[in-house]
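Colleague: I am new to this model and would like the reason behind each label you use. Could you take me through it?

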Amino acid sequence: MIYSIPMESFALVIFGITSNLAQIKLIPALYDMEEKNLLPADMTILGIARREMSDQTLKEYVHKVLHLENVHHQHEIKEDIFSKLCKRLKYLSGEIQDPALYKKLQNYLKHDNRIYYLATYPDLYHYIFENLQKYKLNLQNSGWVRLMIEKPIGSDLPSAKALNQLLLKYFTEDQIYRLDHYLGKETLQNILTFRFANDIFEPLVNKDFVDHIQITATEDFGIGRRGGYYDQVGSLKDVGQNHQLQMLAFATMDAPSRFTNEAVTKERIKILKSLVPMPNKVVFGQYEGYNKEPNVDSNSTTDTYYALKTFIKNDRFKDVPIYIRAGKKLKQYVTEISLVFKNPVNRLFKNLKSGDEPNILVYRIQPNEGVVLKILTKLPGHGVKLQPEYMQYCYRIDPHTHFVPDPYERLLVDTIRGDQTFFNDAQEVEAQWAFTDPLSKVRGKPIIYKVGSWGPKEADQLIEADGRKWLEPSMEFCRI
Ligand code: BG6
């Protein structure tokens, strides 16, 4: 599919072009943008890393990266698109700490419009900011300058505040694009469209109709080679503090007054600020064998799983419990939000088999992406028998298309357009940490769980104590 979005030309400077992030996310996204004509004619990509490389070696490296087998980029790489992309590529080697690198950068940069993408370790950020300032490369004199920075922003509330303050020393808030790639997922953004472009569901999304909400993000794979990073972080901080809280915000926020960055972000923040941390309702787990993974401390107490209960302190969701869980090396790879509706006590068919099953609205983020409503229907035949079914909107109907853009592509395009709607602002990130910090503080030794299970049984007890159960995510809908 060819899109055409008018965009001004610019330079994209990637600090850490050889990083895992650049390989797995950025380079494939840039290829896709090239293919879809989303890059202006004389836009350049300047990769920075420590190792010595000629522009030619950089091209060979990018070629290799694009042909790596990774889940995000399984479609064909066309040589003509690749060579168009190569024409934009330039490489600069140097130490991030070394001012000489920025002097070279100053000479290289021909565009007034610039995006700096930080794909480096957070402890290097301050060198980058200081040196950009030293050479006036952060100033917006005759064009725009934007900074893209990945989650995690800090590792708790005080460090997030410190980083936000540091950022504001060198950039203004409208230059800072704090990226949580979940905000760039079509399946997440569509929650807003589904809720606010249709009027029939929204009146049901409140305490009168919703019994409880479940958010699940389980993966059937482990940490791979990311031990060095993951062991410092754990599941609550890796995906709970950010991706899952955003999922919750999208599913429960009030309608923004307009579809603008300010209005949408304001509503997300209102939800994040009204979440109630419940340190006595959180379970941490670790998969068997985790401490033998490369670059993981053999006595590590890092969580690879967590489950928690929370409430939203507002009138709309008063007393509606929310259960969230996430983890690695579990039974199934699935990310979804389920709104489980209340069952009226006098339901006509309640005595039939399945007659007491609740209606469930599922926002399936991945796989089998879709929005589905679990309903009961009549099993065709002479008697009255019920059968649970799904009313479904599905994204993927053809396994060979890749029309759902990758979140990195979506968010790069938004940055080029100067649209911060699907980026976190400083307050938002701080509200997220304010919720998770009290939970992190009670993390002791995690409970070991079996690889391929649904996590520790204590997580089942957490929800079963309320007379509810974790839903077994269905793979029956939106199958290709
Ligand atoms: C990343 C986490 O932010 O999100 C990973 O660091 C996690 O540990 C990933 O696997 C999940 O993202 P996605 O898009 O694959 O669901």
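Modeller: Start with two helices that touch in this predicted model. Leu 157, Pro 158, Ala 160, Lys 161 and Asn 164 of helix 6 meet Ala 426, Val 429, Glu 430, Trp 433, Ala 434 and Asp 437 of helix 12. Sorted by class, the residues of this contact are seven nonpolar, one polar and three charged.

Colleague: What makes these residues count as meeting?

Modeller: The cut-off is a distance: heavy atoms within 4.5 Å are a contact. The residues named from helix 6 and helix 12 meet in that sense.

Colleague: How do you know whether helix 6 and helix 12 run roughly parallel or antiparallel?

Modeller: Their axes cross at roughly 165° and come within 9 Å. Angles over 145 degrees count as roughly antiparallel, so helix 6 is roughly antiparallel to helix 12. The crossing of these two helices is right-handed.

Colleague: Why are helix 10 and helix 12 described as roughly parallel?

Modeller: The axes of helix 10 and helix 12, the latter spanning residues 426-440, cross at roughly 20° and come within 9 Å. An angle under 35 degrees counts as roughly parallel, and therefore helix 10 and helix 12 get that label. Their crossing is left-handed.

Colleague: Which residues of helix 10 and helix 12 meet?

Modeller: On the helix 10 side they are Thr 265, Arg 268, Ile 269, Leu 272 and Lys 273, and on the helix 12 side Gln 427, Glu 428, Ala 431 and Gln 432. This contact has three nonpolar, three polar and three charged residues.

Colleague: What makes helix 9 and helix 10 roughly perpendicular?

Modeller: Helix 9 covers residues 235-252 and helix 10 covers residues 261-273; their axes cross at roughly 115° and come within 9 Å. The range for roughly perpendicular is 65 to 115 degrees, so helix 9 and helix 10 are given that label. Helix 9 passes helix 10 in a right-handed crossing.

Colleague: Which residues meet where helix 9 touches helix 10?

Modeller: Leu 245, Gln 246, Ala 249, Phe 250 and Thr 252 in helix 9 meet Arg 268, Ile 271 and Leu 272 in helix 10. By class they are five nonpolar, two polar and one charged. Arg 268 and Leu 272 also appear among the helix 10 residues that meet helix 12.

Colleague: Now single residues. Why is Tyr 31 called buried?

Modeller: Tyr 31 is in helix 1, residues 20-35. Buried means under 20% relative accessible area; Tyr 31 has 0%, so Tyr 31 counts as buried. From Tyr 31 to Arg 396 the C-alpha atoms are 21 Å apart, with their positions 365 residues apart in sequence.

Colleague: How do you know whether Ser 300 is buried or exposed?

Modeller: Its relative accessible area is 9%. That falls under the 20% limit, so Ser 300 is buried. Ser 300 sits in the loop between strand 8 (282-287) and strand 9. Leaving out residues up to four places away in sequence, Ser 300 touches Asp 231, Gln 286, Tyr 290 and Asn 291.

Colleague: What is it about the phi of Asp 319 and of Ser 354 that you would point out?

Modeller: Phi of Asp 319 is positive, near 65°, in a residue other than glycine. Ser 354 is not a glycine either, and its phi is about 70°. Asp 319 lies in the loop between strand 9 (305-310) and strand 10 (322-327), and Ser 354 in the loop between strand 11 (334-341) and strand 12.

Colleague: Are Asp 319 and Ser 354 buried or exposed?

Modeller: Exposed means over 50%; Asp 319 has 58%, so Asp 319 is exposed. Ser 354 has 17%, under the 20% limit, and therefore counts as buried.

Colleague: Which peptide bonds are cis?

Modeller: One joins Lys 151 and Pro 152, with omega about 0°. Another runs from Gln 366 to Pro 367, with omega near -20°. Pro 152 lies in the loop between strand 5 (145-150) and helix 6 (157-170), and Pro 367 in the loop between strand 12 (360-366) and strand 13 (370-378).

Notes. Residues numbered from 1 in each chain as written. Predicted model: local features only at pLDDT ≥ 70, side-chain atom pairs only at ≥ 80, totals over all residues. Heavy atoms only, no water. Helix = DSSP H or I, 4+ residues; strand = E, 2+ residues; numbered from the N terminus. Buried < 20%, exposed > 50% of the residue type's maximum accessible area, 1.4 Å probe, protein only. Axes fitted to C-alpha atoms, helices over the stretch in contact; angles between N-to-C directions. Left-handed = near helix turned anticlockwise from the far one by under 90°. Nonpolar A, V, L, I, M, F, W, Y, C, P; charged D, E, K, R; others polar.
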